[in-house]
Amino acid sequence: MINQAVLQLTKAFTKALIVLALLSVPLTISIAGQNSTMQTPSADGQRRDRDDPLEKMEAEMLAKRAIKEEEKQYQENLERARDLCTLGTTIVSSFRKKNWLDEGDLKKLEKVEKLAKGIRRAAGGSEDEVEMEKPPRDIASAMELFETLSQSLKANVEKTPKHVISAAVIDKANVLLELIRILRTLPSALPSKA
């Protein structure tokens with residue numbers, strides 16, 4: 001009787017082991033499958049499959065946002081160049097009428113200087129000092145050169161593609177900035193007070 005009880009216990013134990021083994025096989029396969037897929041961390045720190053559609057959408061959105069930001073910066077630089085040219089034309093025409101620059105013209109000249117620095121920075125330039133080979137000696141010739149440079153800088157910015165560092169734009173901006181510095185030192189920038 002003891003033998004028969006031991007035999008029944010052994011059969012029951014064997015059946016239990018078989019059932020347990022059958023139940024654990026799908027779980028083991030599932031765990032092995034999960035470990036074998038490549039996972040990458042996402043922006044929020046959770047791990048996701050490489051083929052996760054959410055991750056692809058997130059990457060596309062980031063790329064589109066970067067493209068829009070680059071386009072915005074490019075358009076802002078074009079606008080700077082147009083504003084600079086408009087201000088330059090206004091200053092030159094004001095000078096031609098009066099033969100001197102008044103306080104309003106000098107303030108516009110400061111705006112032109114800020115715009116030229118912004119254009120130079122956007123083009124990849126730094127704050128290099130440039131010395132002109134033949135600086136103008138009088139305000140009339142300086143204003144002629146100022147008009148030419150402001151129009152030329154605008155044209156160069158407009159024809160320079162977005163992702164290009166333009167040495168021509170940087171050089172023109174540097175020369176324009178040097179000319180502005182010279183303009184401030186020339187006599188007859190303001191009318192003489194008699």
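Helix axes here are lines fitted to C-alpha atoms over the stretch in contact, and the angle between two of them runs from 0 to 180 degrees between N-to-C directions. In this predicted model, α2 and α4 pack with their axes 9 Å apart and at an angle of about 160°. An angle over 145 degrees counts as roughly antiparallel, and α2 is therefore roughly antiparallel to α4. The two helices, α2 and α4, make a left-handed crossing. Sorted by residue class, the contact of α2 with α4 holds 14 nonpolar, five polar and five charged residues.

Helix α2, residues 53–98, also meets helix α3, residues 103–122; their axes come within 9 Å and cross at roughly 150°. By the cut-off already given, α2 and α3 are therefore roughly antiparallel to each other. The crossing of α2 and α3 is left-handed. On the α2 side the contact is made by N77, R80, A81, D83, L84, L87, G88, T90, I91, S94 and K98. On the α3 side, D105, K108, L109, K111, V112, L115, A116, G118, I119 and A122 take part. The residues of the contact of α2 with α3 comprise 10 that are nonpolar, five that are polar and six that are charged.

Two residues of this contact, L84 of α2 and V112 of α3, lead on to the nonpolar core. In soluble globular proteins, nonpolar side chains tend to be buried together. The largest nonpolar core in the model has 34 residues, and those touching the most other members are L84, V112, M143, F146, L153, L176 and L183. Two or more residues of this core come from each of α2, α3, α4 (139–159) and α5 (167–185). The largest contribution is that of α5, which gives nine residues.

What is V112 in contact with, leaving aside its neighbours within four places in sequence? The contacts of V112 are L84, L87, G88, I91, F146, L176 and I180. Of these partners, L84, L87, G88 and I91 are also among the α2 residues that make the contact with α3. F146 lies within the span of α4, while L176 and I180 lie within that of α5.

Helix α3 also holds R121. Is R121 buried or exposed? With a relative accessible area of 58%, R121 is exposed, because the cut-off for that class is over 50%. The C-alpha atom of R121 is separated by 9.6 Å from that of A173, although the two residues are 52 residues apart along the chain.

Methods:
Residues numbered from 1 in each chain as written. Predicted model: local features only at pLDDT ≥ 70, side-chain atom pairs only at ≥ 80, totals over all residues. Heavy atoms only, no water. Helix = DSSP H or I, 4+ residues; strand = E, 2+ residues; numbered from the N terminus. Parallel < 35°, antiparallel > 145°, perpendicular 65-115°, else oblique. Left-handed = near helix turned anticlockwise from the far one by under 90°. Contact = heavy atoms within 4.5 Å. Nonpolar A, V, L, I, M, F, W, Y, C, P; charged D, E, K, R; others polar. Core = buried A, V, L, I, M, F, W, Y, C linked by side-chain atoms within 4.5 Å. Buried < 20%, exposed > 50% of the residue type's maximum accessible area, 1.4 Å probe, protein only.
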